[in-house]
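I opened this notebook to record, one lookup at a time, what I could read from the coordinates. The entries follow the order in which I took up each topic.

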Amino acid sequence: METLLYWIVGVISQIHGVIMTINDSVENSFTDKELHFIVIGVLGIIMIIVIHPIFTWLARNGHTVVISFLYVFTVIVVLTFAIEIGQKITGTGSMEFADIAAGIMGFLVAFVIFAVIRGIVILIKRKLGKGRER
């Protein structure tokens with residue numbers, strides 16, 4: 001997990017470098033705030049265009065747990081980063097990627113346990129429902 005996070009940070013750093021090179025090469029360079037406004041705005045719309053049809057398909061086909069998982073996973077990632085940044089700023093702990101990875105892994109393991117229990121409950125309900133129909 002830690003390797004993945006470092007890879008993501010590396011990719012973001014490379015993209016940042018490309019954007020800064022493009023910005024520096026144009027006659028009327030944008031400020032840092034203007035670049036954030038443009039890049040995050042465009043990125044958000046691209047994500048909506050890609051993600052909305054996927055979520056619509058998942059909802060129509062009864063896969064709302066997948067939507068919930070993706071939403072909660074996103075919040076967990078943001079929350080774990082926020083906690084680590086908060087610890088760094090306040091001096092109440094050290095900011096480590098390993099802590100972020102451990103937190104995310106904790107959620108993933110808990111979700112797998114939840115999914116297995118949910119699956120067992122659904123199977124039992126189906127078996128009991130079929131038994132009553134006879």
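The entries below cover a nonpolar core, a helix pair, a salt bridge and a few single residues.

**Entry 1: status of the model.** I note at the outset that this is a predicted model, and I read every value that follows as computed from it.

**Entry 2: the core.** I looked up the largest nonpolar core and found that it has 7 residues, namely Leu5, Ile76, Phe97, Ile100, Ala101, Ile104 and Phe107. I then asked which helix gives the largest share of this core. That helix is H4, spanning residues 97–133, from which 5 residues of the core come.

**Entry 3: two core members.** I took Ile100 first, which is found in helix H4. Its relative accessible area is 1%, and because buried means under 20%, I enter Ile100 as buried. Leaving aside the neighbours within four places in sequence, I find Ile100 in contact with Leu5, Thr80, Phe81 and Glu84. I also checked Ile100 against Ala82, and the two are 18 residues apart in sequence, with their C-alpha atoms 9.5 Å apart in space. For Phe107, with neighbours within four places in sequence again set aside, the contacts I list are Phe69, Val72, Phe73 and Ile76.

**Entry 4: H2 against H3.** I next examined helix H3 (residues 64–90), whose axis comes within 7 Å of the axis of H2, the two crossing at roughly 140°. I record H2 as oblique to H3, because an angle counts as roughly antiparallel when it is over 145 degrees. On the H2 side the contact is made by Phe55, Leu58 and Ala59, and on the H3 side by Thr64, Val66, Ile67 and Leu70. When I sorted this contact of H2 with H3 by class, I had 6 nonpolar residues, 1 polar residue and no charged residues.

**Entry 5: Thr56.** I stayed with helix H2, which runs over residues 32–60 and includes Thr56. Is Thr56 buried or partly exposed? With a relative accessible area of 22%, Thr56 is partly exposed, since the cut-off for buried is under 20%. I also compared Thr56 with Met105, and they lie 49 residues apart in sequence and 28 Å apart in space, C-alpha to C-alpha.

**Entry 6: charge pairing.** I searched for salt bridges and the count came to 1. Asp32 forms a salt bridge with Lys33, and I note 3.9 Å between the closest N and O atoms. I looked up the accessibility of both partners: Asp32 is partly exposed at 43% relative accessibility, whereas Lys33 is exposed, with a relative accessible area of 64%.

**Entry 7: Asn23.** My last lookup was Asn23, placed in helix H1 (residues 2–25). Asn23 has a relative accessible area of 5% and I therefore enter it as buried. With the neighbours within four places in sequence left aside, I find Asn23 in contact with Ser29, Phe30 and Leu35.

Methods:
Residues numbered from 1 in each chain as written. Predicted model: local features only at pLDDT ≥ 70, side-chain atom pairs only at ≥ 80, totals over all residues. Heavy atoms only, no water. Core = buried A, V, L, I, M, F, W, Y, C linked by side-chain atoms within 4.5 Å. Buried < 20%, exposed > 50% of the residue type's maximum accessible area, 1.4 Å probe, protein only. Helix = DSSP H or I, 4+ residues; strand = E, 2+ residues; numbered from the N terminus. Contact = heavy atoms within 4.5 Å. Axes fitted to C-alpha atoms, helices over the stretch in contact; angles between N-to-C directions. Parallel < 35°, antiparallel > 145°, perpendicular 65-115°, else oblique. Nonpolar A, V, L, I, M, F, W, Y, C, P; charged D, E, K, R; others polar. Salt bridge = Lys/Arg side-chain N within 4 Å of Asp/Glu carboxyl O.
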